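User: I would like a close look at one part of this model, with its surroundings described carefully enough that I can follow along in the viewer.

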Amino acid sequence: MSQPSGPRVSVLMPTYGQASFLPRAVESLLAQTLPDWELIVVDDGSLDQTAEVVRPYLTDSRITYHRLERNVGLGAALNHALDHAQAPLVAYLPSDDVYYRDHLAGLVGALSAHPEAPLASSGVRHHYNKVASGQVEGHSLQLVQVMHRRTGDRWLTRDELTTDDLERMYWHHFRRRGEWVGTGEVTCEWVDHPHQRHKVIREPEGGINPYRVRYGVREPLRFHATTGHLVDEVERYRTYRERPPTPPAPDGLKILLVGELAYNPERVLALAERGHRLYGLWTDRPMWFNWVGPLPFGHVQDVPRENWQAAVREIRPDVIYGLLNWQAVSFVHHVQSGNPGIPFVWHFKEGPFICLEKGLWRELVELYERADGRIYSSPEMRDWFFEVAPRLSTGRPDLVLDGDLPRRESVRGERSPRLSDQDGEIHTVVPGRPIGLHPETVAELAAQRIHLHFYGEFMHGQWRGWIERAGGLAGRFLHLHPNVDQAGWVEEFSRYDAGWLHFFGSGNGGELRRANWDDLNLPARVGTYAAAGLPMLQRDNSGHIVATQTLAREKNLGLLFKDMHDLGAQLQDRERLSHLREHVWETRDEFTFDHHADRLIAFFREVIGGGRA
């Protein structure tokens, strides 16, 4: 039990939704060979049985329980615990982790033996059967393995930044205080499971939207995963949030958005600004790019997933607009199956082949078959569905509209001087994955003095091997740049001569059944390039059905080429490239959502007027 002079160690236990893990963690603390500790459990707004699970342990006077009204994030929860800590030493036991019996004694001993050390860490078992004598490779020191002297320093909170980097959140305070000490002994376990905080944060499995759903976040975030780029929703969407809502139009529609909004989510504000009222019923299983509510730009009223049908009956929307990618298929299908008689439109982009792989094909086909209106992301996608599911080709209205076009307002700006005007060499760009551009291909470009500028820190991490080889072959002709948000697209990308679409050779021979996703897709970067007036580069796939090829030819958007030498010759035709660049710039509004918003509303009215079949 606690000593008269007070506890020697304050153990902080932040917890959220981990009632099933918590007894294992507390029991491991009760088994410690060092008994003079206090445990401060901070329940960060859990919706499960955490309070009931903790209650029996409160008979031990060393254990206290604090419940926060709503989830405020790890940093704020730990600051709350620090405010109540009494001991001179602080340790951490997240409710899903485990101490071995000598853990606290070992850390206390290390700090006692090194009175100048501000922080001590143990070795840790992780991923079930792996061990590290100190820091786990690719991660900060984990909470469970750390003990430090109590100071007045504070943890970084969610309203400042959300990150999985604990060094950035708190440990850095101790760098300036002296050398750290490690026990080298594995005396705790960092338990591996899908809902670990760092997994919810890190892209691609986690990310800003999985985090938003998992922790019920209502406010805009500043978010930076160690495997992703910075997302600052606070600044990016500030003007939208602060803008007064548009009064409802006399003939305005109530539109219930169901699923997720993917890239460029603020595009839907173009509907609200036309006097239509927007509601959102969101999937609970998004990936990082599947934007869900509460939306950081406001002006969309969320509908709770629990008892959603009653809420929908109360709202009485005019149309349900289901969208957009495969991650939302199951949820939108669930809503469609329980639809209380409201006209239903299904808009799908990516991707039918993933639905086959994920076992979602039945749900996808039923979404189309049951929908009162169907929207396809490209004419090729529509025709492909008509081939593989012939019943979709008759009976109900359909529309072709790319799924995640940017807002007109978000992609304005003045063009920058081109790099080629400064050095006389050709500069091309690829934001995101350099699909099809093998290192040897980049070397072929370099041999013709054609530069490749590769954007996105997250992608750089995933393509590290590619970068090393391509850089070794291309030298100064390969450049790496950080991610650029929409507001910077025009200024940044207009510096280049052309931008790369996905570079691939089609093999469908003009037969739709042979088409794959590359053939049917219109990549999101089309809108990015169009915003900057940038000609688009892709392989000449004549004789094959390829959506980007058809679009480029119909709209005169770029260059199609057989090989890198053919491309080099075309890029040297400066007069043609200049005319092409001006044409893309003049037609770029066609690649914004605002340009098509009235057409989409007209389609909704057509579906509503037709009633349910």
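What covers the buried residues of α19? Please start there, and then go on to the parts of the structure that you can describe in similar detail.

Analyst: The model is a predicted one, and what follows should be read with that in mind. The cover over the buried residues of α19 includes two helices, α17 (439-447) and α18 (457-462), together with two strands, β20 (450-455) and β21 (478-481). The helix itself spans residues 464-474, and its buried residues are W466, I467, A470 and A474. Because these four cover an arc of only 95 degrees around the axis, they lie on the same side of α19. On the face turned away from that buried side, the helix carries the exposed residues R464, E468 and G472. After α19 comes G475, which has a positive phi, near 60 degrees.

Another part that can be followed strand by strand is an open sheet of seven strands, with parallel pairing, whose order is β14-β13-β12-β15-β16-β17-β18. Its edges are formed by β14 (301-302) and β18 (398-400), each of which pairs on one side only. Within this order, β15 (residues 319-323) has five of its five residues buried, so the strand is largely enclosed by the rest of the structure. The burial concerns both faces of β15, since V319, Y321 and L323 are buried on one side, while I320 and G322 are buried on the other.

The pairing of β15 can be traced to each of its neighbours. With β12 (residues 254-259), β15 pairs in the parallel sense over five bridges, and I255 is the residue that stands opposite V319. With β16 (residues 344-348), β15 also runs parallel, and three bridges join the two strands; here G322 has W346 as its bridge partner. Further along, β17 (residues 373-376) pairs with the edge strand β18 in the parallel sense, over three bridges, and R374 stands opposite D398 in β18.

Turning to the enclosed spaces, the structure holds four cavities of 30 Å³ or more, and the largest of them has a volume of about 470 Å³. The lining of this largest cavity comprises 31 residues, and those nearest its centre are L74, P94, L143, R197 and Y215. Two or more lining residues come from each of β1 (9-15), α3 (74-84), α6 and α7 (208-215). Of the elements, α7 gives the most to the lining, with three residues.

Helix α6, one of the elements that contribute to that lining, covers residues 197-201 and includes K199. With a relative accessible area of 26%, K199 counts as partly exposed, because that value falls between the limits of 20% for buried and 50% for exposed residues. Beyond its neighbours within four places in sequence, K199 is in contact with D192, H193, P194, E205 and G206. For H193, a closer description is possible: its backbone oxygen lies 3.3 Å from a polar atom of the K199 side chain. As for T550, it is 351 residues from K199 in sequence, and the two are 40 Å apart in space, C-alpha to C-alpha.

Notes: Residues are numbered from 1 along each chain as its sequence is written. This is a predicted model: local features need pLDDT of at least 70, side-chain atom pairs count only at pLDDT 80 or more; totals for chains, interfaces and linings use all residues. Side-chain values use heavy atoms; hydrogens and water are left out. Buried means under 20% relative accessible area, exposed over 50%, partly exposed in between (1.4 Å probe, protein chains only). Contact means heavy atoms within 4.5 Å. A polar contact is a pair of N or O atoms within 3.5 Å; within protein, one must be able to donate a hydrogen and the other to accept it, and residues adjacent in sequence count only if both atoms are side-chain atoms. Two strands pair if DSSP finds at least two bridges between them. The arc is that of the directions from the helix axis to the C-beta atoms. On a 1 Å grid over the protein atoms alone, a cavity is a set of points where a 1.4 Å probe fits but cannot get out, and a pocket is an open set with protein on both sides within 12 Å along at least five of seven lines; lining residues have an atom within 4 Å of a point. Grid points are joined across faces, edges and corners, and a volume is the space filled by probe spheres set on the points.
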